There are 4 protein chains.
Amino acid sequence: MSTPFHTSRLVEFSDTDMAGIMHFSAFFRYMEAAEHELLRSLGFSVYSEIDGMAISFPRVAASCQYHSPTRCEEVLDIDVTVHRVGTKSVTYEFQFSHDGRDVATGEMTSVCCRVEHGQPPVSIAIPDSVADKLRQLAAAS
Amino acid sequence: MSTPFHTSRLVEFSDTDMAGIMHFSAFFRYMEAAEHELLRSLGFSVYSEIDGMAISFPRVAASCQYHSPTRCEEVLDIDVTVHRVGTKSVTYEFQFSHDGRDVATGEMTSVCCRVEHGQPPVSIAIPDSVADKLRQLAAAS
Amino acid sequence: MSTPFHTSRLVEFSDTDMAGIMHFSAFFRYMEAAEHELLRSLGFSVYSEIDGMAISFPRVAASCQYHSPTRCEEVLDIDVTVHRVGTKSVTYEFQFSHDGRDVATGEMTSVCCRVEHGQPPVSIAIPDSVADKLRQLAAAS
Amino acid sequence: MSTPFHTSRLVEFSDTDMAGIMHFSAFFRYMEAAEHELLRSLGFSVYSEIDGMAISFPRVAASCQYHSPTRCEEVLDIDVTVHRVGTKSVTYEFQFSHDGRDVATGEMTSVCCRVEHGQPPVSIAIPDSVADKLRQLAAAS
């Protein structure tokens, strides 16, 4: 079984807490960075201009379950699966591991939005050019 | 309907992102700070010495659902409910709002652990003195 | 000797690192929050509309010297001095202490800028209404 | 002129703020990560066991001067110079640039300390094995 997207990341000192392990909130920043790296691998960006509109993907839900602690300078393997591509939203799953040990699993749902500065984001259908590539990743999961 | 614990917090500039709103990961730090404030209100602390043991509550699960964006210098009302007190774990629910507008809801489950430096945390039964007070809060929810 | 502006802040768990103390970078976020609280006390905000322009104060320099470590749940006293008010910039000094013990001293220089979205900030003279109040604080230092 | 140590890093979304640029405090985390990468390149680590003692390098001073803003997904070049190696401390200089444009310069002084859990760090002479390699980097600057 392969996952459609893989990245890795070294746990940094500033992401640890006084319990000596990576702080639970840092996993969410790592998930977001992996999501953006996946989007870049598809030729998109955090903020894209598509069909003449500024498009972004703010989150509507995020969750993480912690299975074992991870420490400073450990390299985390992060496998990203595109779980579901809806008309307006996409759900990713994240598997964190270190040296084959399960560290955490997470999930994030992002909604495609037209973004104008100073205005609340307005949800829109994911442009076909983006949705097609995300669905290919979902099919490969 | 009252909630058993309430706190509030100003959204700081450093918690915003380039979309002009509070970053989704900051909600998890705000939840943790509210959990710790609740523990202090019961006479406990992040790291307590109870019955001669160092006790802490690392998280096993955390989630958040985002309903509307919040901006710099808005004051967030945070209502905390003790949802479930198990033998070893406690689950909190968090309701974020601003001026009566629903901003986000979150949940965290923390497990009572004996903590020794350099060792992985070992889960233990919540000491009665702590569990009793948490159950009183749960009953008031 | 009094300082013109004082605030205080509890060191949070998420601001600690694996050395068991507050991470050195967190002092800079605390300084910024204190600066913004000072600006609010003068009737301004992080982003103000003054004389029909959006005004902000990005930093050109920041520094901190660390004298003793501070730990989770300690309350830091933060004394802010307006050290110098120039035509376009203002320099603040920050003294962090806990229970009378010297923890750290910091300095930040912020430049008054006109901010338009998507454009680089353009430095401008601090509007008189702001500069007058900052100079009063500087004189009181 | 070469610098003795170079690394690079992509500016992440979570490091930006509502002004649309990388938050000034994030530079300090980037400096620390570069310092630790330099130490690893010398065969050391954030927390080393040397001559039977746990050794770490807490900071006593940090500063940064900001020359031009940097934005999400820009790759920062970070050149690190070992400026001065004293008996107990080492001072690093950091040059941040993007595509040849000067972004920021920073400086950090770290003190060699023996670290025991629950005790304040105690400054000690940098072990010869570490100091020799740092001095070689300083000479190459």
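A cavity, in the sense used here, is a set of grid points where a 1.4 Å probe fits but cannot get out, and its volume is the space filled by probe spheres set on those points. With that meaning in hand, the second largest cavity of this predicted model holds about 60 Å³ of space. Its lining is drawn from chains A and D, with Leu10(A), Val11(A), Glu12(A), Phe13(A), Cys72(A) and Glu73(A) from the one, and Ala33(D), His36(D), Arg40(D) and Val46(D) from the other. By character these lining residues divide into 6 nonpolar, 1 polar and 3 charged, and the element that gives the most to the lining is H1(D), with 3 residues.

The search of the whole structure finds 4 cavities of 30 Å³ or more, and the largest of them has a volume of about 530 Å³. It is lined by 28 residues, of which Arg29(A), Asp15(B), Arg29(B), Arg29(C) and Arg29(D) are the closest to its centre. Helix H1 (26-41) of chain A, helix H1 (26-41) of chain B, helix H1 (26-41) of chain C and helix H1 (26-41) of chain D are the elements that give two or more residues to this lining. Here the residues divide into 4 nonpolar, 16 polar and 8 charged.

Helix H1(D) takes part in the linings of both the largest cavity and the second largest, and its geometry can be checked by simple reasoning. At 1.5 Å a residue, its 16 residues should span 22 Å, and because the C-alpha atoms at its ends are 23 Å apart, the expected and the modelled spans agree. Since 13 of those 16 residues are buried, the helix is largely enclosed by the rest of the structure. After H1(D) comes Gly43(D), with a positive phi near 90°.

The arrangement of the chains can be described through the operations that superpose them. Two copies of a chain are related by a rotation about an axis and a shift along it. For chains A and B, a rotation of 180° with 0.0 Å of shift along its axis lays chain B on chain A with an RMSD of 0.0 Å, which is the relation of a two-fold axis. The C-alpha of chain B nearest to that axis belongs to Ser63(B), at 2.0 Å. Because 100% of the interface residues of chain B are also interface residues in chain A, these copies meet through the same surface.

Chain A can likewise be laid on chain C, by a turn of 180° and a shift of 0.0 Å along the axis, with an RMSD of 0.0 Å. In this case Asp17(A) is the residue of chain A that comes closest to the rotation axis, its C-alpha lying at 1.9 Å. The same surface again serves both copies, as 100% of the contact residues of chain A recur in chain C.

Individual residues show how such contacts look in detail. Glu12(B) lies in the loop between strand E1 (5-10) and H1 of chain B, and with a relative accessibility of 16% Glu12(B) counts as buried, because the cut-off is under 20%. Apart from its neighbours within four places in sequence, Glu12(B) is in contact with Tyr30(B) and Cys72(B) of its own chain and with Arg9(C) and Ala33(C) of chain C.

Pro121(A), in the loop between strand E8 (113-114) and strand E9 (122-123) of chain A, is partly exposed at 31% relative accessibility. Not counting residues up to four places away in sequence, Pro121(A) touches Pro58(A), Cys113(A) and Arg114(A), and also Pro69(B) in chain B. The C-alpha atoms of Pro121(A) and Phe57(A) are separated by 9.3 Å, although these residues are 64 residues apart along the chain.

Finally, two loop residues of chain D deserve a look at their backbone angles. Most residues other than glycine have a negative phi. Glu73(D), in the loop between strand E4 (59-66) and strand E5 (75-85) of chain D, is not a glycine and yet has a positive phi of about 75°. Asp99(D), placed in the loop between strand E6 (89-98) and strand E7 (101-111) of chain D, also has a positive phi, of about 55°, without being a glycine. With a relative accessible area of 72%, Asp99(D) is exposed.

Methods. Residues are numbered from 1 along each chain as its sequence is written. Chains are lettered from A and ligands numbered from 1 in the order in which they are written. This is a predicted model: local features need pLDDT of at least 70, side-chain atom pairs count only at pLDDT 80 or more; totals for chains, interfaces and linings use all residues. Side-chain values use heavy atoms; hydrogens and water are left out. On a 1 Å grid over the protein atoms alone, a cavity is a set of points where a 1.4 Å probe fits but cannot get out, and a pocket is an open set with protein on both sides within 12 Å along at least five of seven lines; lining residues have an atom within 4 Å of a point. Helices (H or I, at least four residues) and strands (E, at least two) are DSSP runs, numbered from the N terminus. Ala, Val, Leu, Ile, Met, Phe, Trp, Tyr, Cys and Pro count as nonpolar, Asp, Glu, Lys and Arg as charged, and the others, Gly among them, as polar. The expected span of a helix is 1.5 Å times one less than its number of residues. Buried means under 20% relative accessible area, exposed over 50%, partly exposed in between (1.4 Å probe, protein chains only). Copies are superposed by least squares on the C-alpha atoms of residues with pLDDT of at least 70 in both. Contact means heavy atoms within 4.5 Å.
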